[in-house]
Amino acid sequence: MTGAATPNEPTSHDPAPLQAPLLKAALTHPQGFFGRVEVVASAGSTNTDLAAGASDSRQYFPDLSVLIADAQPAGKGRLGRTWEVPAGSAMISSVFLRPGDQARQAGRTPEAFATTGYGWLSVLAGIALCDSLRALTGTPAELKWPNDVVVNGRKLAGILAQVVPAAVAGPDLGLGVVVGVGVNVSLSAEQLPTERATSLLVEGVDILDRNLLLPAYLNKFASLYQEFVAAGGDAGRALESGPSVMDLAEKFMGTLGQQVRAELPGGAILLGTATALQGDGSLLVRDVAGTVHAVSAGDVIHLRRTDSDGRAHYA
């Protein structure tokens, strides 16, 4: 990894195109963990398309199915936000997870996966992304609660999880969940949508080949996910490889210990210090009076870091 890009450096980059055979080989047995891998030139939204496929009884999408797209003209974010991702500029992937499927194969019932575990799956994806980017590129990626990955205070990636109804996923297998991740890879500073965003190119990363970046992230995610299912979806329980999911989240989460401003439904504002995560993934915020509030990802509209003078920043 080199230093951050400057305005005098090139404003565009010609990334290596996605190579479906390489990606499929890297993500399936014996190199990877995925049971189904699809690579497409464009998907309106990988989350929407994968959820629709997994909901179609005429198709088979096993636990750990992944859809990868080169372009995404109608990406989905929290609270119905949408954005366009040009071809070749980002890592775009969505993973279908069905913990009950894996639990059944291990001789356990779907109910062996805790209900609270579903709320941690998007966090697990963020942990895997931060860990793989740090290891492969040296990028100091960190989690911003509830669903972003940031570098140097600017947004590098967004994460969105959505439920596939149990009646479609299979009532005997429990819920299915699609977890989508979009990572800015080769967008120049001029091409980024806002000044709060960044990309691997802007951060001076040398490795921009998505054929390397995607397997590093996805296989890390799959490995952690399998350990999490084996731990019953309990975020506080140690994984086979060591720390618990909660421990890993706290390791990578830059939000903790920060002064924050949480915008809540109805216009309510909560100011305080982000202190810890709860077992269901909600964030604990201690206000100036010392009262601790639990803020869930489903309730918060925006969460911003604040300075001592009250000025808000993205992260």
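Me: Where does Leu64 lie, between which helix and which strand?
Reply: In this predicted model, Leu64 lies in the loop between helix 2 (46-54) and strand 2 (65-76). The phi angle of Leu64 is near 65°, a positive value in a residue other than glycine.

Me: What makes Leu64 count as buried?
Reply: A residue is called buried when its relative accessible area is under 20%. Leu64 has a relative accessible area of 3%, and therefore Leu64 falls in the buried class.

Me: Asn152 also has a phi that calls for comment, so what is its value, and why is Asn152 called exposed?
Reply: Phi of Asn152 is near 50°, again a positive value in a residue other than glycine, and Asn152 is found in the loop between strand 6 and strand 7. The exposed class begins over 50% relative accessibility, and because Asn152 reaches 58%, Asn152 counts as exposed.

Me: What kind of peptide bond joins His29 and Pro30, and what is its omega?
Reply: The bond between His29 and Pro30 is a cis peptide bond, with omega about 10°, and Pro30 is found in the loop between helix 1 (20-27) and strand 1 (36-42). A cis peptide bond also joins Trp145 and Pro146, where omega is about 5°, and Pro146 is found in the loop between strand 5 (142-144) and strand 6 (148-151).

Me: Why is the pair of Glu203 and Arg154 called a salt bridge?
Reply: The cut-off asks for a side-chain nitrogen of Lys or Arg within 4 Å of a carboxyl oxygen of Asp or Glu. For the side chains of Glu203 and Arg154 the N to O distance is 3.4 Å, so the pair meets the rule. Glu203 sits in the loop between strand 8 (176-184) and helix 6, whereas Arg154 belongs to strand 7 (residues 154-164), and the two are 49 residues apart.

Me: Which of the two, Glu203 or Arg154, is buried, and how do you know that?
Reply: Glu203 has a relative accessible area of 3%, which is under the 20% limit, and therefore Glu203 is buried. Arg154, at 30%, lies between the limits of 20% and 50%, so Arg154 counts as partly exposed.

Me: What makes Lys220 and Asp131 a salt bridge, and which parts of the chain does the pair tie together?
Reply: The closest N and O atoms of Lys220 and Asp131 are 3.2 Å apart, and because the limit is 4 Å, the pair qualifies. Lys220 lies in helix 6 (residues 210-230) and Asp131 in helix 4 (residues 121-137), so the salt bridge ties together parts that are 89 residues apart in sequence. Lys220, at 31% relative accessibility, counts as partly exposed, and so does Asp131, at 26%.

Me: How many salt bridges does the rule give?
Reply: The count comes to eight salt bridges. One of them joins the side chains of Glu38 and Arg36, at 3.2 Å from N to O. Glu38, with a relative accessible area of 27%, is partly exposed, and Arg36, with 24%, is partly exposed as well.

Me: Why are helix 4 and helix 7 called oblique to each other?
Reply: The axes of helix 4 and helix 7 (residues 245-252) come within 10 Å and cross at roughly 55°. Angles under 35 degrees would count as roughly parallel and those of 65 to 115 as roughly perpendicular; the crossing angle belongs to neither range, and therefore the two helices are oblique. Helix 4 passes helix 7 in a left-handed crossing, and the residues that make the contact include Ile127 and Asp131 of helix 4 and Leu248 and Phe252 of helix 7.

Me: What makes strand 12 and strand 14 the edge strands of their sheet?
Reply: The open sheet has six strands in the order 12-11-10-9-13-14, with antiparallel pairing. Strand 12 (292-295) and strand 14 (312-313) each pair on one side only. Strand 13 (residues 302-306) pairs with strand 14 in the antiparallel sense over two bridges, which means that the requirement of at least two bridges is met. In this pairing Thr306 stands opposite Ala312. Strand 9 (residues 259-263) pairs with strand 13 over four bridges, again in the antiparallel sense, and here Arg261 stands opposite Arg304.

Me: How do you know that Ala294, in strand 12, is exposed?
Reply: Ala294 has a relative accessibility of 52%, which is over the 50% limit, and so Ala294 counts as exposed. Leaving aside neighbours within four places in sequence, Ala294 is in contact with Gln278, Ser282, Leu283 and Leu284.

Terms used. Residues are numbered from 1 along each chain as its sequence is written. This is a predicted model: local features need pLDDT of at least 70, side-chain atom pairs count only at pLDDT 80 or more; totals for chains, interfaces and linings use all residues. Side-chain values use heavy atoms; hydrogens and water are left out. Buried means under 20% relative accessible area, exposed over 50%, partly exposed in between (1.4 Å probe, protein chains only). Axes are lines fitted to C-alpha atoms, for helices over the stretch in contact, and angles run from 0 to 180 degrees between N-to-C directions. A crossing is left-handed if the near helix is turned anticlockwise from the far one by less than a right angle, and right-handed if clockwise. Contact means heavy atoms within 4.5 Å.
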